[in-house]
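Colleague: I am new to this structure and would love a close look at one part of it. Could you pick a single sheet and walk me through how its strands fit together?

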Amino acid sequence: MSYQPIKFYQTGTFTVGNRLLAPEERSVQASSKRFNSINSGHRACQGCGEALGARYAIDAAMEATHGQLIAANATGCLEVFSTPYPETSWQIPWIHSLFGNTAAVATGIAAALKIKQKKNPQAQEIRVVAQGGDGGTTDIGFGCLSGMFERNDDVLYICYDNGGYMNTGVQRSSATPPAARTATTMAVGPEPGNAFGQGKFVPAIAMAHEIPYVATATVADLRDLEAKVRRAMEFRGARYIHILVPCPLGWGTQSSETIKMARLAKETGIFPVFEAEHGELKSALAIRRQLPVEEYLKPQKRYAHLFGKQPNVAVIAKLQALADRNIRKYKLLETV
Amino acid sequence: MDKPFAITLDPGSSLANRTGSWRTYKPVYLDRLPPCNATCPAGENIQGWLFHAESGDYEAAWRSLTENNPLPAIMGRVCYHPCEGACNRQYVDSAVGINSIERFLGDEAIKRNWQFVKPTTQSGKRVLVVGAGPSGLSAAYHLARLGHTVEIHEAGPYAGGMMRFGIPKYRLPREVIEAEVQRIVNLGVSIKLNTKVSNIEASMQAGKFDAAFLAVGAHIGKRAYIPAGTAAKVVDAISVLRSMEGEEKPMLGRRVVVYGGGNTAIDVARSVKRMGAEPIIVYRRTRDKAPAHDFEIEEALQEGVMVKWLSTIKQAEEGEIVIEKMALDDKGFPQPTGEFETLAADSVVLALGQDVDLGLLDGVPGLEVKDGTVQVGPNMMTGHAGIFAGGDMVPSERTVTVGVGHGKKAARHIDAWLKGETYAPPPKHELAGIEKLNTWYYSEAPHVVRPTLDILRRQSSFDEVVQGLDEGNALFEARRCLSCGNCFECDNCYGVCPDNAVIKLGPGKRFEFNYDYCKGCGVCVAECPCGAIKMVPEEN
């Protein structure tokens, strides 16, 4: 028999941790000493993907910077549920900003820190992240974000994409996927739900700015997410990470299915998980068990209108075509 | 406090919000019963010992295994492993090779001379075990561990029972039996060989025994009426297998017809093949209806054993037999067709099942014998108080593993009976079916196939056919275990909680929920790979 490598740990690195792995080989989230940057008692819905994604990302950034981190936060779900004044869930230096100017606020902090560093070169260096939802990033804050990219300011911008304005009652954003029902894109008329051919995919726009680092991630692939945050912190200049965070409220899914939905988005090719450096695609997280898009669409009430007595096969086929295009474009069925 | 510019209130922590009050369902940790454990006739905690094997702590794994079964090296060779048939991993890729890991642990224990821990106190009670087969050895082991003085009376010249006289060497080398029996003797069990118990009550009185466990097995070959000429050689399978153990090998001639379709028939055919004969199995039904395990039939066919399916023996004469072709009727029963065939045969071996020698029970009041087997209650006790029975002599599936299970069960009841109590088994956990698992999290890892001896050596020698695993692939195979229903500390619940409401208690201590903040979303339940959490409704 050929030699069988024994470096096999039952769940490998699919799970958060593993008792058989050395502590340094486990994820940040597996550690009982993790920062818990966003603490218990926040008012996010049951099974909130954004609360989870934010803790994953910011804990990883805290780990990478040894706790020397300042976060600027856009208005949105994340701020509303974490920080109703005078109370906060954040256990890191954290600053509130308006809906649209987070990137600019973070740029300012980075500039101030640069001056402080110049005046006192011995001081421990402090890094900056900016974070917001898809509304604050792809719509309202887009001008400031593009400016931050274009000037290559030393900020990691993290967008938590749940595909809409969820805490104000699930309105459409430019990150809402086609055919999805929201309060402003009702499932009525000949083309129900959000229109095809509109909206934007900001990771691709960030890549067009040729900034040092752009990545996408989901809450279903923790190891990948943490590695990307760590990698991002190795660069200077503007960096952008776009994390898919399912929203049980806005998507109409069971609160227990948050991670499953993110996994299905990735496995169907609906949401491509990749990283790019200086405008060029570097790698993609390969699809492990490819599935048709129906598997992803069906559990979500926002797509329920596609699955009535007469399934809307034409629209489903169009969504499948988008997934297939992602698979082709980002090489999701091969390891780059 | 002097507050900074524009600050009027102290920052408060969200920990003041006890978001646990939102909950209508709450997650709770539980242990579910893995399907392997549920099906093991010996009642092994398979997931439990694999857990230790996964970390490479083979001694702990072996100690955990032998809590229930003292014969892992034997079991790892001869058990028909129903556990693997139930293993949830078969729905992922293929079942975990539990049997091969068990054998590895058993062999490792022999190699490293691991011994059982002796009991700290003695009860002063004496128990007589009749028969040193798997059931008797198992009962003796468990009784000795419970502090009782145990004596085994064995009629034969060696310990092992059917494991020695019924299972050929190529499946179970004799050194393995010796080693595992010796370890039980080292625990303090005494075995008297060549000591046939002809009257159980007399033997118990003579030895001042407080209780007895009977496990004499079933080793009288069943006969069937076959019109035979005076010169025809007709023998039974068990005596053939038994004579393989002695110096004088049975004289069966070149062409040996084995009549029957069970495992014993296969064992005889494969054994005589190794002695240079040409065995032909004659069986009245078809291969899929044969009681022998299919892999054994397959191995026999590979080795060149011939089989006549759908045939019965009508007559045996010197040098030849007449067989009649059968056909299955619509109920699946074989019916004669009137079509005959003559086969050259130097001898006929009958492998038609075995009966129990019940001589030792003559005159014992209260005993019930039905269909040639001793009837026992759910506590393995016969109708006579203090006399228990198990193994092949009671109604059951006759395998080594079932025998070992009977021995354990009887030992627990005997122990309770000696104390004037009744043994109540702990309630069983709910089953961890595949639907309780989230198999996404398990790495792809194909089953390790045990190497087998090359075919030429299998046809000519009694060397062991199936080889063992080495440390590397045993560890790999152990780590294929999904740990169904039992937490293996993967940290998933701790990691995936959006509310930090899972407390990690440290290595070996698992986790706890912080119900002050758990909102009851159920993500931990959905993402637990092994199904060790469930949601239950809140009471109010």
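**A sheet in chain B**

Modeller: Happy to! Let's begin with strand β12 (residues 311–317) of chain B, which is joined by six bridges to strand β13 (residues 320–328) of chain B, the two running antiparallel. Please keep in mind that this is a predicted model.

You can follow the pairing residue by residue. B:Thr312 lies opposite B:Glu324 in β13(B), while B:Glu317 has B:Glu320 of β13(B) as its bridge partner. Between these two strands, the hairpin of β12(B) and β13(B) has two residues, and B:Gly319 adopts a positive phi near 85° there.

Now look at what β13(B) does next. Eight bridges connect β13(B) with strand β14 (residues 334–344) of chain B, and this pair runs antiparallel. One place to find this pairing is B:Glu320, whose bridge partner in β14(B) is B:Ala344. B:Glu320 is also the residue that partners B:Glu317. The hairpin formed by β13(B) and β14(B) has five residues between its strands, and in that turn B:Gly332 shows a positive phi of about 90°.

Putting the pieces together, you get an open sheet of three strands in chain B, ordered β12-β13-β14 and paired antiparallel. β12 and β14 of chain B are its edge strands, each pairing on one side only. On average, neighbouring strands in this sheet are turned by 20° against each other, direction ignored. As general background, the strands of a sheet pair through backbone hydrogen bonds, in either a parallel or an antiparallel way.

Definitions and conventions. Residues are numbered from 1 along each chain as its sequence is written. Chains are lettered from A and ligands numbered from 1 in the order in which they are written. This is a predicted model: local features need pLDDT of at least 70, side-chain atom pairs count only at pLDDT 80 or more; totals for chains, interfaces and linings use all residues. Two strands pair if DSSP finds at least two bridges between them. Helices (H or I, at least four residues) and strands (E, at least two) are DSSP runs, numbered from the N terminus. Axes are lines fitted to C-alpha atoms, for helices over the stretch in contact, and angles run from 0 to 180 degrees between N-to-C directions.
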